[in-house]
Amino acid sequence: MMNTWEFKIKTIFKSIWDEVIYGGHFVAISNAAVLLVAIILLNLNIDKSFILLVFSYLIVLTIYNANHLQELRSDIKSNPERTKHISKNKNAYMIKVAISGLLILFLLIYVNLQTAIFIIFLLIGGLLYPKKVTKKILGFKDYYTALFWSLIVFLPIFYFNMSVGYGFILFFLFVLIRSVLNAIYFDLKDSKADKKEGLLTFPVYFGESKTINILKILNIVSFIPLVAAVFTASLPLFSISLLLVLPYCFFYLNKSLETKASSLRTISYILVDGEYICWLLILLIGKVMIG
């Protein structure tokens, strides 16, 4: 039998795990990892860019928690673990959203005007996404969410007053397509709830199997801008190391066909959200090996 101390330790670790995963910290760190990839590819000073990573983390954390607080009732069946965790700590989450939002506003004094305006635009756009439009346009919430998640990579452009080069545009397209892929994947676990709400998501419209086939095509297509950027020397050669994400994505897409709903949620929260952290690790290894 488990003694009292073992039980307490297990309970503490589970609470931390639930907060990291269901509280939006993991996805916020993952999104900051994408921004760090952009900073590395632009050959910018990471120390001077640190405040942008903080903004990225806080923006995603604020939007994530605010939206899921609003959707607690509709998420109870599609995301029971996350809904239970947030509902149990609802007041704390409301305070967390307020604090993270206020921190964003306070930190705006340390950036130039155009960066501040862009950050406010990202925050408002993320908080007010028109989910109901997906009842009329197939996958609209996926395109919308992916666009605002992807636009975060433009923070260094505004902060350092840089011009937007051909290579950066191609990198942004790579990020955007992969963000759309990941957003659609998350709809797989929500398909039953989305169908009841009358939302035209890909899994609702095409079914799970066809949706995964579409995602496999997107997985391949997403690397076309990246390969084009490396081929034209618009991005450094070590950028090609990101091609290793291709088999990584195929792995979790194939695994999804074999899993039940609870496992599908785990894949979404860990492997799909964690993909962006893999980008950073792969890129750093590629930079060391390729130079």
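This section describes the overall fold, the aromatic pairs and several individual residues of a predicted model.

The secondary structure of the predicted protein comprises 17 helices and zero strands. For a chain of 291 residues, a compact globule would be expected to have a radius of gyration near 19 Å, and the value computed for the protein, 19 Å, agrees with this expectation. Along the principal axes, the C-alpha atoms occupy a box of roughly 55 × 50 × 45 Å. Burial applies to 51% of the 291 residues. When contacts are restricted to residues at least 6 apart in sequence, 76% of them join residues at least 24 apart.

The exposed surface of the protein amounts to about 14,500 Å², of which carbon and sulfur atoms supply 71%. With respect to charge, 27 side chains are positive and 16 are negative. The centres of these two sets are separated by 4 Å.

Aromatic interactions were examined next. A search of the whole structure returns 18 aromatic pairs. In one of these, formed by Phe106 and Tyr110, the ring centres are 6.1 Å apart and the planes meet at 75 degrees; an angle over 60 degrees counts as edge-to-face, so the pair is assigned to that class. Both partners are partly exposed, Phe106 with a relative accessible area of 46% and Tyr110 with one of 48%. A further pair is formed by the sequence neighbours Tyr205 and Phe206, whose ring centres lie 4.9 Å apart and whose planes are at 80 degrees, so this pair is also edge-to-face. Tyr205 is exposed, its relative accessible area being 54%, whereas Phe206 is partly exposed at 31%. Ring pairs also produce a cluster, which links Phe118, Phe121, Phe140, Tyr144, Phe148 and Phe158.

Backbone geometry was then considered. Most residues other than glycine have a negative phi. Asn161, although not a glycine, has a positive phi of about 50 degrees. This residue is located in the loop that runs between helix H9 (155-159) and helix H10 (166-189). Asn161 is exposed, with 56% relative accessible area, which is over the 50% cut-off. Ala233 is likewise not a glycine and has a positive phi, in this case of about 60 degrees. The position of Ala233 is in the loop between helix H14 (223-231) and helix H15 (245-256), and the residue is exposed, with a relative accessible area of 64%.

Two polar or charged residues within helices are buried. Asn67 belongs to helix H3, which spans residues 46-70. Its relative accessibility is 9%; values under 20% denote burial, and Asn67 therefore counts as buried. Apart from neighbours within four places in sequence, Asn67 is in contact with Gly126, Leu127 and Tyr129. Arg265 is part of helix H16, comprising residues 261-272, and also counts as buried, with a relative accessibility of 8%. The C-alpha atoms of Arg265 and Asp190 are 9.1 Å apart, while 75 residues separate the two in sequence.

Helix H3 also contains Lys48. Lys48 is exposed, with a relative accessible area of 56%. Beyond residues up to four places away in sequence, Lys48 touches Tyr159 and Phe160. For Lys48 and Tyr159, a separation of 111 residues along the chain corresponds to a C-alpha distance of 9.9 Å.

Leu257 is situated in the loop between H15 and H16. The relative accessible area of Leu257 is 45%, and the residue is partly exposed. Leu257 and Leu246 are 11 residues apart in sequence, and their C-alpha atoms are 18 Å apart in space. With residues up to four places away in sequence excluded, the contacts of Leu257 are Glu208, Ser209 and Ile212.

Technical notes: Residues are numbered from 1 along each chain as its sequence is written. This is a predicted model: local features need pLDDT of at least 70, side-chain atom pairs count only at pLDDT 80 or more; totals for chains, interfaces and linings use all residues. Side-chain values use heavy atoms; hydrogens and water are left out. Helices (H or I, at least four residues) and strands (E, at least two) are DSSP runs, numbered from the N terminus. The radius of gyration is taken over C-alpha atoms; the globule rule is 2.2 Å times the number of residues to the power 0.38. Buried means under 20% relative accessible area, exposed over 50%, partly exposed in between (1.4 Å probe, protein chains only). Contact means heavy atoms within 4.5 Å. Accessible areas come from the Shrake-Rupley method with a 1.4 Å probe; for residues, only the protein chains shown count as cover. Lys and Arg count as positive and Asp and Glu as negative; His and the chain ends are not counted. The place of a charge is taken as NZ of Lys, CZ of Arg, CG of Asp or CD of Glu. Rings of Phe, Tyr and Trp (its six-membered ring) pair if their centres lie within 6.5 Å; planes under 30 degrees apart count as stacked, over 60 as edge-to-face and the rest as tilted.
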